[in-house]
Structures are given as C-alpha cells and as structure tokens.
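This briefing goes through one structure topic by topic, from the chains as wholes to their contact and their shared core. Please keep the sequence and the 3D view at hand while reading.

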Amino acid sequence: MRKPPEPMQIIKQRRDAALTQLADSIPYIKHLGVTFERRGDELTAQLSYRENLIGNPMLPALHGGAVGAFLEIAAQIELAWALHWPAMEAGATGLCAMPKTIDFTIDYLRAGLPRDAYARARVNRSGRRYASVHVEAWQDNKTRVFAQATGHFLMPKVAAEVAVK
Amino acid sequence: MEHKDRKAMIAKQFISAIPHSRDLGMRIDALGDGEATLSIAYDERFIGDPETGVLHGGVVTALLDTAAGAAVVSHADSHGGTATIDLRIDYMRPATPHQRITAHAECYRVTRSVAFVRATAHDEGDGPVATAAAAFTVEGSEDA
C-alpha cells in the first residue's frame with residue numbers, strides 16, 4: 001500500500017524552518033532588514049524601508065550599496081534554497097552551507113524610492129562548482145524593475161555532494 | 001580657499017551626510033582630485049558567514065560603491081551629485097575577520113555624461129579582498 005501523503009502543515013513547517021535557518025543564520029541580513037516570503041519553492045526577498053538605507057538625502061534615494069547588498073542577499077539565499085531543496089524535502093535538517101560570491105554586477109535602472117523594495121532571483125545555471133544567478137528588484141510596480149544584477153557563485157562542498165547523490 | 005580644496009571639502013560633507021554610510025560606520029581617510037579612500041571597522045553585525053566570521057559581501061559592495069561615488073564627486077570635471085549606473089565587484093578572497101577594510105577608488109575618466117571608476121578593497125593583509133569597476137552619472141553638465 002502506498003504511504004499516505006504528509007500532512008500539509010508538516011511540510012509547510014519544515015520548509016519555513018529551513019528558510020528561517022538559512023536567512024537568520026546571517027547577521028548582516030538582519031542588520032540590513034531583509035526578510036523572505038515563501039510560496040512553495042518561490043521566494044520573494046523584501047528590503048523594509050528605514051532612513052538608514054538612504055544614499056542621497058536630497059532626492060531622497062536608496063543607497064546603491066544597500067540596493068546592491070539586498071540583491072546579493074536575494075541571489076545568494078535563492079541559490080542556497082534551490083541547492084538544499086532536494087535534501088530538505090527528503091527530511092534533512094541543519095542545511096546551511098552557503099554559496100560564495102565570485103563576482104556580482106549590478107545595473108541601477110532607476111533611483112530607489114524611500115519605501116520597501118522586493119526582489120526575486122532566478123538560478124540560470126547551477127553546476128557542481130559554479131552557479132550563475134540573476135536577480136531583479138522592484139518597488140511599487142513589479143514591471144518597473146529599479147535594479148537588477150547577475151552574479152556568479154562558488155558552490156559549497158557539502159551541497160555539491162548532496163546535489164550529486 | 002583653493003578650488004581643489006573647496007571641492008574636497010564639499011565632497012567630504014556630501015559623503016558624511018549619507019545615512020547608509022553612517023549606518024555602516026564608514027570613515028573618510030582621504031579624498032580629493034578624483035580619488036577617495038574610505039574604510040570600515042569590523043563589526044559582528046555585518047557578518048555574512050557565521051562559521052568563519054567573515055563580513056558579508058554586501059558590506060564590501062556598499063563601501064566600494066561609496067568610495068567610487070566619492071571619487072566621482074571629488075573629480076575636477078564633476079559638478080554636483082552623482083548616481084551609480086552600474087557596478088561590478090569581483091571578490092578575490094574573504095576579508096580576514098577583525099580587520100579594518102579600506103577601499104581606494106580612482107575616477108580615471110569623466111566625459112560629459114559618464115564618469116568611469118575603478119576601486120580596490122583591502123584588509124590589513126596582502127592582496128586585494130575585492131576589486132570593482134563602475135560607471136556613474138555626471139550631473140549638471142547639460143547647462144555647463
């Protein structure tokens with residue numbers, strides 16, 4: 001007889017716990033004020049507005065460095081999340097190995113307004129050693145991307161073993 | 001006051017007024033004539049890898065971006081504010097925990113609309129932690 005499917009609540013709890021563990025393990029994510037929302041395996045990063053994020057007080061506009069860091073965090077967590085997903089679904093816990101950034105190229109398309117920003121990343125290529133991730137950020141309208149970036153990452157060794165299995 | 005010194009002073013005020021730079025505790029070590037040196041102290045709140053205590057790449061990004069922008073503002077051919085058009089960072093090696101990170105940026109070319117900058121970040125050890133190449137807007141030049 002086939003095993004009955006796991007109750008939805010158990011699955012959700014496990015996924016949310018894994019995501020929390022990934023994001024909360026990094027102090028700078030908390031310092032910058034980045035949080036993640038999850039729907040299935042889809043993640044949305046949010047940069048909650050604070051005055052501390054301003055780079056041009058005259059406009060005012062978000063700091064390019066804060067926007068860049070936000071994009072890098074969104075890309076890195078998305079990649080780690082995709083990497084750990086199979087093991088996590090199989091019931092593994094304590095997955096927190098992070099990919100390391102090799103390079104990161106940011107396009108500043110418009111000034112970041114003094115309000116919340118959102119970002120979604122897409123893993124375009126994920127190999128055993130290297131990965132390429134693209135990320136786009138928007139504020140009020142999802143179609144008006146205000147910053148985007150592409151980064152290359154070095155895969156963590158532990159995760160590479162899990163992925164190969 | 002000489003024009004060059006006045007420019008450096010304005011640039012210094014400009015950088016000191018940036019809330020995000022203050023939030024990260026950026027210090028201006030040198031500024032003027034299209035070059036800027038900014039640094040940041042090691043801070044546990046900025047850690048990106050809790051196992052090793054290495055700072056997050058985003059902190060280095062913010063430092064390099066600010067240093068690059070400061071270099072543009074302090075350049076003789078720039079008139080006023082600037083904004084990043086694009087920024088590429090290459091991470092050479094993790095920054096050593098508990099060491100200060102210093103970024104040096106050089107604005108090596110300014111056209112009527114674009115300023116080109118390269119920058120390098122070091123910790124207290126040998127060899128760069130990260131390098132950057134960036135393009136910035138040049139403002140106020142249309143009516144100059």
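Helices, of at least four residues, and strands, of at least two, are taken here as DSSP runs and are numbered from the N terminus. On that basis chain B has 3 helices and 8 strands, while chain A has 4 helices and 8 strands. The model is a predicted one, and the predictor assigns the complex an ipTM of 0.91 together with a pTM of 0.92.

**Chain B as a whole**

- Read from the N terminus, the elements of chain B follow the order α-α-β-β-β-β-α-β-β-β-β, and the chain averages a pLDDT of 90, with 96% of the residues scoring at least 70.
- The radius of gyration of chain B is 15 Å, which agrees with a compact globule, because a globule of 144 residues would have a value near 15 Å.
- The C-alpha trace of chain B spans about 55 × 30 × 25 Å along its principal axes, and 44% of the 144 residues count as buried.
- Of the contacts in chain B with a separation of 6 or more, 67% are accounted for by residues 24 or more positions apart.
- His3(B) lies in helix H1 of chain B, which covers residues 3-16, and this histidine counts as exposed because 8 other C-beta atoms lie within 10 Å, where the cut-off for an exposed residue is 12 or fewer.
- Although 128 residues along the chain lie between the positions of His3(B) and Thr131(B), what the model gives for their C-alpha atoms is a separation of 31 Å.

**Chain A as a whole**

- Along the sequence, chain A follows the pattern α-α-β-β-β-β-α-β-β-β-β-α.
- For chain A, with 165 residues, a compact globule would have a radius of gyration near 15 Å, and the 17 Å of the chain agrees with this.
- The C-alpha atoms of chain A fill a box of roughly 65 × 35 × 30 Å along the principal axes, and buried residues make up 39% of the 165 residues.
- Among the contacts in chain A between residues at least 6 apart in sequence, 62% join residues at least 24 apart.

**Strand pairing in chain A**

- Strand S1 (residues 34-39) of chain A pairs with S2(A) in the antiparallel sense over 6 bridges, and within this pairing Glu37(A) stands opposite Thr44(A).
- S1(A) and S2(A) form a hairpin with 2 residues between them, and Gly40(A) in the turn has a positive phi of about 60°.
- S2(A) is also joined by 3 bridges to strand S6 (residues 117-126) of chain A, the two running antiparallel, and the bridge partner of Leu47(A) in S6(A) is Ala117(A).
- The side chains alternate along S2(A) (residues 42-47), where Leu43(A), Ala45(A) and Leu47(A) point to one face and are buried, whereas Glu42(A), Thr44(A) and Gln46(A) point to the other and are not.

**Strand pairing in chain B**

- Strand S8 (residues 130-137) of chain B alternates as well: Ala130(B), Ala132(B), Ala134(B) and Phe136(B) are buried on one face, while Thr131(B), Ala133(B), Ala135(B) and Thr137(B) point to the other and are not buried.
- S5(B) and S8(B) run antiparallel and are joined by 7 bridges, with Asp86(B) opposite Ala135(B).
- Strand S7 (residues 114-122) of chain B pairs with S8(B) over 8 bridges, again in the antiparallel sense, and Val117(B) stands opposite Ala134(B).

**Contact between the chains**

- In the model 32 residues of chain A are in contact with 30 residues of chain B.
- On the chain A side, helix H2 (27-32), strand S3 (54-56), helix H3 (64-89) and strand S5 (100-108) each supply at least two residues, and S5(A) gives the most, with 8 residues.
- The residues on this side of chain A divide into 17 nonpolar, 11 polar and 4 charged.
- Strand pairing crosses between the chains, since 5 bridges join S5(A) to strand S5 (residues 84-91) of chain B in an antiparallel arrangement, in which Ile106(A) has Leu87(B) as its bridge partner.

**The nonpolar core**

- In soluble globular proteins, nonpolar side chains tend to be buried together.
- The largest nonpolar core here holds 91 residues, of which Phe70(A), Leu71(A), Leu63(B), Leu64(B), Ala67(B) and Ala68(B) touch the most other members, and H3(A) contributes the largest share, 15 residues.
- Leaving aside residues up to four places away in sequence, Ala68(B) touches Ala105(B), Val117(B), Ala119(B), Ala132(B), Ala134(B) and Phe136(B).

Definitions and conventions. Residues are numbered from 1 along each chain as its sequence is written. Chains are lettered from A and ligands numbered from 1 in the order in which they are written. This is a predicted model: local features need pLDDT of at least 70, side-chain atom pairs count only at pLDDT 80 or more; totals for chains, interfaces and linings use all residues. A residue is buried if 20 or more other C-beta atoms lie within 10 Å of its own, exposed if 12 or fewer, and partly exposed in between; C-beta atoms are placed from the backbone. Two residues are in contact if their C-beta atoms, placed from the backbone, lie within 7 Å. Ala, Val, Leu, Ile, Met, Phe, Trp, Tyr, Cys and Pro count as nonpolar, Asp, Glu, Lys and Arg as charged, and the others, Gly among them, as polar. Two strands pair if DSSP finds at least two bridges between them. pLDDT is the predictor's confidence in each residue, from 0 to 100. The radius of gyration is taken over C-alpha atoms; the globule rule is 2.2 Å times the number of residues to the power 0.38. A nonpolar core is a set of buried Ala, Val, Leu, Ile, Met, Phe, Trp, Tyr and Cys residues joined through C-beta atoms within 7 Å.
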